[in-house]
Amino acid sequence: MVQNFNYVTTHNYIISFHRFKNAKFQKFAQSAFLQPRCLPLRAQRMLAQCAEPTPKAMPFGLSELRSTKTKKTTKPSSPSSTSPHAHQTLTLPQFLFMARKSSLLKQSLATIVVVLLIYAFLNTFLTPTTTAKLETALPSFSSASSISSDVFASRENQLNFPGKPVKVYLYDLPKRFTYGVIEHHSLARGGRPDEDVSKLKYPGHQHMGEWYLFKDLLKPESERFGSPVQKVLDPEEADFFYVPFFSSLSLIVNPARPASGSDKPLYSDEENQVALIEWLEEQVYWKRNNGRDHVIMASDPNALYKVIDKVKNSVLLVCDFGRLKEDQGSLVKDVIVPYSHRINTYSGDISVEDRNTLLFFMGNRFRKEGGKIRDLLFQLLENEEDVIIKHGTQSRESRRAASHGMHTSKFCLNPAGDTPSACRLFDSIVSLCVPVIVSDSIELPFEDVIDYRKIAIFVESNAALKPEFLVSMLRGITTERILEYQKELNEVKRYFQYGVPNGTVNEIWRQVAQKLPFIKLSINRDRRLVKRDLNVPDCSCLCSNQTGIITSL
């Protein structure tokens, strides 16, 4: 037991002895367990020192004198001496002070070690190179007001795509597929031929996205600051190949009423579609991967209808899948893009003071397929108080009326048209008029970054057709909730504006860039698979929407 008695145990008993100093503890300390003969030599000395009374304080001079005499008269003794006065005398306060000093020393050493570890971490992960990258990626607060929106767009996209940029090659198509389409559209409406067709202006309509993407890739790379993709001039470097055929404009080149006395229209969309495929099939890079790494815009539901099976392997930029079969369109390989809005963007404050109309709709009352619900909604709502719902066509006067109506209404009705989506939804968004979507099979653009439940109200078609249901629901929404919708709309409206920096064009390219891993997977998989029965849908094609939606409120 004597051998196992350690210094810490003795120290604990000494502290207790000093703290209590009562007869019971002294008697316990004098028990057989703490008899001096049972303790190590050092412990005996400590116990003896603590048992001595603490000397009273002396005047400064006397204490120095006594200390000096002690030093003069004390003789060094051998380590083997057993006399308790053979070593320097330590009082209990001195002993505790030394213990505290030792504890502080340990804490200081621990602090130094932690500081060194933090320095090593910062030195490893925040090197000058990394710091420089962060400085270029994040604007400083002091200069934030002077940074233009396109610079901020670049830095935001650098954060989203910090690695190797996705490279896009713009095909130099024959002019018949680009400017030639614009020229024919102009001639069909009384325009004059122009020697330089590249100076022709693309006509404004709801599928102008094909023009904005084309113009973006025509710019020098130095002017495309902030784009998620890089334009390359060498096709060998390209990840994607963009085919700039104006497929949506091509559909409407010929007026609805051809000129009298004309047996054959001057322009044939179907002939141009066939000619495009013939041109593509002669290209080395189209044949290399069967068109899988090609990007084609077909935002109008009827665009490329005659040759859609010839281009279904490509990445299609579409507004919805309303006219596409399951093996032609897929959320996996294709990108949902917004219509180009035709209503002026609302520039006023977030407020309901000037929005006196509860619900507004202006558009074609009679549509085909899913759009038949429009006529039913007209019958339910046309006599409701503070609801404006009226028939309108695509004209300048109608756009003015629709712009005023959306800017002065709290909610805007967005029923399905001939296909699940319509331009009116995006007019509502830029007008900060809360969309009320009644379209069960609608697909929406950019849903990886936009939560549409925060900016729109979804109502299942059967519920919307119940008498009084829709209007009662909207009247029950508080002003505070409407303002929340407007704030969210104001935050995301740039995603639906083709002509602004870091707007729709950049977001479409970001979506295309995200398709690259799947495209590479499909290409490599096709190369090693044997020929399959073409009657069986390809496994990469998924149904766009099998479950529909439910009312969100």
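**Figure 1. How the chain comes back to itself.** Among contacts in the protein chain between residues at least 6 apart in sequence, 70% join residues at least 24 apart. Keep that figure in mind as you go through the close-ups, where you will meet several such partners. The model you are looking at is predicted. Its protein chain has 553 residues, and 42% of them count as buried. The secondary structure comes to 21 helices and 11 strands. About 31,900 Å² of the protein chain is exposed, with carbon and sulfur atoms supplying 55% of that area.

**Figure 2. A disulfide between Cys412 and Cys433.** Let us start with a reminder: a disulfide is a covalent bond between the sulfur atoms of two cysteines. How many disulfides does a search of the whole structure find? The search finds one. It joins Cys412 to Cys433, with 2.1 Å from S to S. The link of Cys412 and Cys433 is right-handed, with 105 degrees about the S-S bond. Cys412 belongs to strand 9 (residues 409-415), while Cys433 sits in the loop between helix 16 (424-430) and strand 10 (434-438), so the pair ties together parts that are 21 residues apart in sequence. Are these two cysteines buried or exposed? Cys412 is buried, with a relative accessible area of 1%, and Cys433 is buried too, at 0%.

**Figure 3. Cys319 and Cys423, two cysteines without a bond between them.** Here is a pair to set beside the disulfide of the previous view. Why is there no bond from Cys319 to Cys423? The sulfur of Cys319 has its closest cysteine sulfur in Cys423, but the two are 8.8 Å apart, too far for a bond. To count as a disulfide, the sulfur atoms would have to be within 2.5 Å. Seen from the other side, Cys423 is in no disulfide, and its nearest cysteine sulfur is that of Cys319, 8.8 Å away. Cys319 is buried, with a relative accessible area of 3%. Cys423 is buried as well, with a value of 6%.

**Figure 4. The largest pocket and its lining.** You have already met one of the residues in this view. The largest pocket has a volume of about 1,300 Å³. Its lining is made up of 41 residues, and those nearest its centre are Gln206, Arg367, Thr393, Gln394 and Cys423. Three elements give two or more residues to this lining: strand 7 (357-363), helix 15 (396-407) and helix 16. Which of the elements gives the most to the lining? Helix 15 does, with four residues. Sorted by type, the lining of the largest pocket has 13 nonpolar, 17 polar and 11 charged residues.

**Figure 5. The largest cavity, lined in part by strand 9 and helix 16****.** Now turn from the pocket to the cavities. A search of the whole structure finds three cavities of 30 Å³ or more. The largest cavity has a volume of about 60 Å³. The residues that line it include Asn414, Pro415, Ala416, Pro420, Ser421 and Ala422. Also in the lining are Arg424, Leu425, Ile437, Ser439 and Ile442. Strand 9 and helix 16 are the elements that give two or more residues to this lining. How many of the lining residues are nonpolar, polar and charged? There are seven nonpolar residues, three polar ones and one charged.

**Figure 6. Ile482 and its contacts.** Ile482 lies in helix 19 (residues 479-492). Ile482 is buried, with a relative accessible area of 3%. Leaving aside neighbours within four places in sequence, which residues is Ile482 in contact with? They are Val352, Lys410, Phe411 and Ile477. Ile482 and Lys410 are 72 residues apart along the chain, and their C-alpha atoms are separated by 7.5 Å.

**Figure 7. His184 and its contacts.** Our last stop is helix 8 (residues 179-187), the place of His184. His184 is partly exposed, with a relative accessible area of 28%. If neighbours within four places in sequence are left aside, His184 is in contact with Val253, Leu266 and Tyr267. How far apart are the C-alpha atoms of His184 and Tyr267? They are separated by 6.8 Å, while the two residues stand 83 residues apart along the chain.

How values were computed
Residues are numbered from 1 along each chain as its sequence is written. This is a predicted model: local features need pLDDT of at least 70, side-chain atom pairs count only at pLDDT 80 or more; totals for chains, interfaces and linings use all residues. Side-chain values use heavy atoms; hydrogens and water are left out. Buried means under 20% relative accessible area, exposed over 50%, partly exposed in between (1.4 Å probe, protein chains only). Contact means heavy atoms within 4.5 Å. Accessible areas come from the Shrake-Rupley method with a 1.4 Å probe; for residues, only the protein chains shown count as cover. On a 1 Å grid over the protein atoms alone, a cavity is a set of points where a 1.4 Å probe fits but cannot get out, and a pocket is an open set with protein on both sides within 12 Å along at least five of seven lines; lining residues have an atom within 4 Å of a point. Grid points are joined across faces, edges and corners, and a volume is the space filled by probe spheres set on the points. Ala, Val, Leu, Ile, Met, Phe, Trp, Tyr, Cys and Pro count as nonpolar, Asp, Glu, Lys and Arg as charged, and the others, Gly among them, as polar.
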